[in-house]
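Welcome, and please open your viewer with a cartoon view ready. This short tour tells you what to select at each stop and what you will find there.

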Amino acid sequence: MIVLKSLKKYFGKLKVLDGIDLRIDTGETVVVLGKSGVGKSVLLKCIVGLIKPTAGEVWVDGVRVDKANWSSLSRLRKRFGYVFQGAALFDWMDVLENVMLPLREMGIPPKEARERALRSLEHVGLKGAENKYPAELSGGMRKRVGIARAIVVDPAYLFYDEPTSGLDPETSRMIYDLMEKLDSELDATTVIISHDIFLARRFGKRVIFLDAGKVEYDGPLSGAKESPKFARFLGEILTKLS
Ligand SMILES: Nc1ncnc2c1ncn2[C@@H]1O[C@H](COP(=O)(O)OP(=O)(O)O)[C@@H](O)[C@H]1O
Ligand SMILES: [Mg+2]
């Protein structure tokens, strides 16, 4: 379970997060939506302990993340799978080495790490691509490698930061399908950060809309009309597309 209490993150005068209260139950899948620059990535980084909040509390599985010492934080992080915005692969490592990386960092022996990485690649439909280098891959394949690397640790928590940004609609749909498959197979608590409303439509049971540092709407996508700001956000995107 993830619990945020009055979470604030300021960068100097810029109040990016200004009092976020949120509870995400174990096994839940939520989509966090909001305009570019609103603080979605900052929110995710606060949850996983990559950014220290200015004020408030972050709890994951009863551990106070923002106050945790290095060893309890690293224990917790072994349970996290993180799909970074823009895949963030290491260009000098082949696909297999990229996917094995989190396991190597956890001290898993090479043979086991290799087997698990191969299984993870098969899971995302990339069997046979293990010896390619990131530069040889399409955008969609790179994202899949990023997803394979996130799930290789068998995470209890899966975090996606803009999993479809920069992809064409057809490739995006393939990624939605993959995410949906993983969502039912892994039963990880999943937080998806995005400004892609089509993605929100697929995972729309609970959508959290951030605006001006606050949670402006929290509920099913179908109830978006309750929040004029959220409705306007959705409207603007749909007009841009039409
Ligand atoms: N390390 C940082 N130092 C200063 N400002 C930052 C830092 N990280 C993010 N910001 C600012 O915080 C705001 C929210 O960023 P971000 O969470 O990346 O937005 P998004 O919703 O697009 O993911 C932006 O204005 C960004 O410039
Ligand atoms: Mg972002």
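Two strands count as paired here if DSSP finds at least two bridges between them. With that in mind, select β4 and β5: these strands pair in the antiparallel sense over two bridges. Keep in mind throughout that you are looking at a predicted model.

**Stop 1: the four-stranded sheet**

Stay on β4 and β5 for a moment. Val-60 has Val-63 as its bridge partner in β5. The hairpin of β4 and β5 has two residues between the strands, and Asp-61 takes a positive phi near 50 degrees there.

Now add strand β1, residues 2–11, next to β4, residues 55–60. The two run antiparallel and are joined by five bridges. Two pairs are handy to label: Ile-2 has Val-60 as its bridge partner in β4, and Leu-4 stands opposite Val-58 in β4. Val-60 is thus worth clicking on, as the bridge partner of Ile-2 and of Val-63.

Bring in β2 to complete the picture: four strands form an open sheet in the order β2-β1-β4-β5, with antiparallel pairing. Which strands stand at the edges? They are β2 (14–24) and β5 (63–64); each has a single partner strand, so one side of each is left without a neighbour in the sheet. If you show side chains, remember that in a regular strand they alternate between the two faces of the sheet.

**Stop 2: around ligand 1**

Select ligand 1 and the residues around it: Phe-11, Val-16, Gly-34, Ser-36, Gly-37, Val-38, Gly-39, Lys-40, Ser-41 and Val-42. Which helix gives the most to this shell? Helix α1 (residues 40–48) does, with three residues. Colour the shell by class and you will see four nonpolar, five polar and one charged residue.

**Stop 3: the six-stranded sheet**

Next, select the strands of the other open sheet, which has six strands in the order β6-β7-β8-β3-β9-β10 and mixed pairing. At its edges are β6 (80–83) and β10 (214–219), each of which pairs on one side only. Look along the sheet to follow its twist, which averages 15 degrees from one strand to the next.

For a parallel pair, pick out β7 (residues 157–161) and β8 (residues 189–194), which are linked by five bridges. Here Tyr-157 has Thr-189 as its bridge partner in β8.

**Stop 4: helix α3 and its two partners**

Select helix α3 (residues 95–105) together with helix α5 (residues 139–151): they pack at an angle of about 30 degrees, with their axes 7 Å apart. That angle makes α3 roughly parallel to α5, and the crossing is right-handed. From α3, show Val-95, Asn-98, Val-99, Leu-101 and Pro-102, which meet Val-145, Ala-148 and Arg-149 in α5. The residues of this contact comprise six nonpolar, one polar and one charged.

Now swap α5 for helix α4 (residues 110–123), which packs with α3 at an angle of about 120 degrees, the axes being 9 Å apart. This makes α3 oblique to α4, and the crossing is right-handed. On the α3 side, select Val-95, Leu-96, Val-99, Met-100, Leu-103 and Arg-104; on the α4 side, take Ala-113, Arg-114, Arg-116, Ala-117, Ser-120 and Leu-121. By class, this contact has eight nonpolar, one polar and three charged residues.

To finish, highlight Val-95 and Val-99 of α3: they take part in the contact with α5 and in the contact with α4.

Conventions
Residues are numbered from 1 along each chain as its sequence is written. Chains are lettered from A and ligands numbered from 1 in the order in which they are written. This is a predicted model: local features need pLDDT of at least 70, side-chain atom pairs count only at pLDDT 80 or more; totals for chains, interfaces and linings use all residues. Axes are lines fitted to C-alpha atoms, for helices over the stretch in contact, and angles run from 0 to 180 degrees between N-to-C directions. Angles under 35 degrees count as roughly parallel, over 145 as roughly antiparallel, 65 to 115 as roughly perpendicular and the rest as oblique. A crossing is left-handed if the near helix is turned anticlockwise from the far one by less than a right angle, and right-handed if clockwise. Two residues are in contact if their C-beta atoms, placed from the backbone, lie within 7 Å. Ala, Val, Leu, Ile, Met, Phe, Trp, Tyr, Cys and Pro count as nonpolar, Asp, Glu, Lys and Arg as charged, and the others, Gly among them, as polar. A residue is near a molecule or strand if its C-beta atom, placed from the backbone, lies within 6 Å of it.
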